[in-house]
Structure formats: structure tokens, C-alpha cells
Amino acid sequence: MRSVALLALAVATCFDAVAGSPGVDEDVSPHYDLGDTAVFSQNARRGLVTVVFANLAYLEQGLIQNMLCSWGRIPYPHYVLVAVDEAASAGVAKLSPGQTHWHPPYWRGIGSGLLRPTNQKTPEYVAFIHKRTRFVEALLLLTNLDVLLCDADTVFFRDPLADGTVPFWDPDSDRCDAFVVNSAHRGGKGPDRVEPLGGFIAVRNNARSRLWYRTWTAMEACLQSKEQPAMHASLRVLDARFARAYQYRADLEYQVYAATQPVLCVLHDAHYPTGFHMTDGYLKDYPDTSYITLGHASIPEKTNKQPWMAELGWWFLGPDGQCPAPRGGGGAVAAPRPSKKKLEPSVKHLAVVHWKREGPDGRDCTRIIAERVPGLKLQVADALAKREQRRQQQHEAAAARNSSEGDSARESLGQYQLPLALTVVMILFARMFRLHRYCLS
């Protein structure tokens, strides 16, 4: 009885941060109040809207303006800038009138300064990132829109939805619940597996993706971590499946999944490199940079990314704060289309690499969330039962192997018992014969 009470207390404590939040098919609570969401529908294209979150520090660094410059070259007008502090709301309203969203009650407590100077998490960044993930979840619940989430330090060279690298509207790709970028290192310096990045996600609005985001936000609250560890843990809890977005038909062929299992289609590194890729031999593997559709400056240095981005040709904002016109004058221009050369798979093993299950106080978040999130209890219980069954089978196999080895040893010993006994008798006889001769002499 005591253990049940302790588990109940752990669940209640763990989910204080998301108390009152809805699960799948539950009513939307005031916790998800985003204010007026009409601006997202007004700026959507075929039911999909691009969302970027901006605070004052992103504006002062020029990241938001640089992204807008890259969009102006294509052009790419289907976006909404979500301000997370009051100073940023005034700045983005000047940059993109009619394409901004600002709801002060939701972002209460989020500061306007640099949320983290390095890759290490800070309390300010964790508070912001948890609200950001819940914002996307709320947008999926409150509207019928699909969402393309972008970090402020990304730049577009082509329209990813038009050049085919994100086949979002391909009739055969409807089993892809989301399209993600892989941040795992290349070139043998890291695991050749999927490590989905939180900075660029195109998510389809359906029951599986809503369940995924519900599990993701719950895992963030339980782990008190950044978005990616919680994302990876949520994908393991849901037993998510992966496919290569550039050959998803083959990857998903003849596969049957549970109704709750999200399928994430992984974009090719050649089209969607991150800062980790660019410092890990990308140009050696793909010297033709025309492959790049979108670049993400995810580098450890957070205080000033401009020099690094400028060196790669990812910085379009002029010194005067304006977007320079393309060379030769005229209107917007996109990057050249990549060659038709078939790309080899950039990821061999489609499975999540890094993930964690324990919260800061040692609680097993996997079990707790299985109890909390509707639709997961039976699935996770089944997964845990299968894991225990595998462990039992391994234990039995090891015991049988040890027993077999023992029997073999005994059999081998039995084969040598008679010769060994004869040898001992002969040695004793020889010693006795020597002793007899000694006594006679």
C-alpha cells in the first residue's frame, strides 16, 4: 500500500508543470490558451504554417533578420514569428507586419536576454524550451494546421516544400507523421544512427503526432531537460519508427505499425546539414554545396554566430541591417537546384541513439508517463513485459549454456578416468619397486 502511495505522490509531483494539460482527445484546458490563433491560418500554405520563436536577443544578434533575408531570396512568405517577450514583440511587428503572434499571459516569466551562452542548459532556457514545445502541441490541438518548426538560426537556400526534399504533400508520404533532421555526427566520429534535432521539424497534424507531442511535453516536465533528450525519450516510449525521407517507400514497405506509433522520416544530411555536420567533414563528402536546401547553425558558440555563418556563406544580412539585393539586380533568387545524382543513405541504422529515462531525483519517467498519458499505459506495459521476457530468456540460455559446459567437462573427465588411474598405479608400482631394490641392497 505504501509503494502505491509513493508512486501516486511521484506522479503528482512530476507533472506539476503540466497540471491540467489535456491528453489525446481530451478537452483543451486554459493551460493551452494561446490567444488569437487566426494569424497562423492566414499565413498557412495548403494547411501548413512555418513557426519561428523570437526573443530580443535573437533580434539583437541579427538571426531573425538574417533568416528573413534568406526567405526573401526564394521567396518564402508562409510563416509566423512568435514573440516570447515584450521587447521582441515590437521588433518582429516592424519586420513582418501581419505575420507575428504575441500572447503575454502564455510567455510570462520568459526573459529577453540570451537564454544560454553555450550548449549547457540554463533554468531560463529550460523554461523557454518547455513553453515552446507546449506551444506547438497547443497549436496542433487548437487548429487543424500542420506545423513546420524552425529555429531562429536556420537559413533557407530553397523552398524545402517545393524542391521535393521534404515530400510533405507527396500522396505516398502520408505515413510520415513528421520530417526531421539528423544531428548525429558523420564521418565515423560518432554513431551512425538517428539523433533527431529539435530545430527543424515538419509535423503532420494527426492523432499520432499529437500523442507524440503530448508525451514529449510530459517527458520534458519529468526529466527537466532540454528539448532533445526529452524528444528522444518520448520516441523510445512510443516505440517510434523511422524511414529515410528520400526513400521512405522502401523503408516503410510492408510494415504494419500500432495506431500510436509515430513514423518520422529522416531528411538527408546533404540537403539539411547542421553546424555539427559542417565541422565534421561535410564539404569533404559533399563538395557541391548546391545540395543544401536549409542550413542550421547549431554550434556550441551561442553568443555570436555571425562570423561562423558568414564564413560558410550563410549570412545574408548587410552591415546596414538590410537585406542586399541579389547580384545583377532584379527580384528574389533562390540557390541553384542540386544535381540529379543519387545520394547514398546518410544514416544506416534508423534508431534513436541518445535518450534518458530518469528524472533529476532518480524517478523512472518512462513508467510514470506510461501511467499519465492516455493511450500509453498498455503499450509501455507490454514493452516492459517483453523486455523482462527477453531478460528471462537470456538468463535461461546462459544457465543452459553453463550446464552444458559442465556436462561436457564431466564427460571429458570420465573419458580420462581409467587412463589416469592406471598411470597412478604404475607410478606407485615403480616407486615400490625402487624401494624394494634399495632395501635388498
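Is R158 buried or exposed? R158 counts as buried, since its relative accessibility is just 3%. The close-ups below come from a predicted model, and this residue turns up again in the second one.

**View 1. The whole protein, before zooming in.** Here we have 15 helices and twelve strands. Of the 441 residues, 49% count as buried. Take the contacts between residues at least 6 apart in sequence, and 72% of them join residues at least 24 apart. The accessible surface adds up to about 22100 Å², and carbon and sulfur atoms account for 54% of that.

**View 2. R158 and D163, a salt bridge between two buried residues.** The closest N and O atoms of this pair sit 3.1 Å apart. D163 has a relative accessibility of 17%, so with the cut-off at under 20% it counts as buried. R158, at 3%, falls under that cut-off too.

**View 3. D177 and R208, a bridge across the chain.** The closest N and O atoms in this salt bridge are 2.8 Å apart. The pair ties together distant parts of the chain, with the two positions 31 residues apart in sequence numbering. D177 lies in the loop between β5 (154–156) and β6 (178–182), while R208 belongs to helix α7 (residues 207–223). As for cover, D177 is buried, with a relative accessible area of 1%.

**View 4. R357 and D364, a salt bridge with partly exposed partners.** The side chains meet at 4.0 Å, N to O. R357 is partly exposed because its relative accessible area, 22%, lies between the 20% and 50% cut-offs. D364 is partly exposed as well, with a relative accessible area of 24%.

**View 5. R132, D151 and E227, a small matter of networking.** These three residues are linked in a network of salt bridges. Across the model, the salt bridge count comes to nine. As a general reminder, side chains of opposite charge can pair when their charged atoms come close.

**View 6. Helix α6, mostly covered.** This helix takes in residues 123–142, 20 residues in total. From its first C-alpha to its last it reaches 28 Å, close to the 28 Å expected at 1.5 Å a residue. How many of the 20 residues of α6 are buried? The count is 15, which leaves the helix mostly covered.

Terms used
Residues numbered from 1 in each chain as written. Predicted model: local features only at pLDDT ≥ 70, side-chain atom pairs only at ≥ 80, totals over all residues. Heavy atoms only, no water. Helix = DSSP H or I, 4+ residues; strand = E, 2+ residues; numbered from the N terminus. Expected span 1.5 Å × (residues − 1). Buried < 20%, exposed > 50% of the residue type's maximum accessible area, 1.4 Å probe, protein only. Contact = heavy atoms within 4.5 Å. Areas by Shrake-Rupley, 256 points an atom, 1.4 Å probe, with all protein chains shown as cover.
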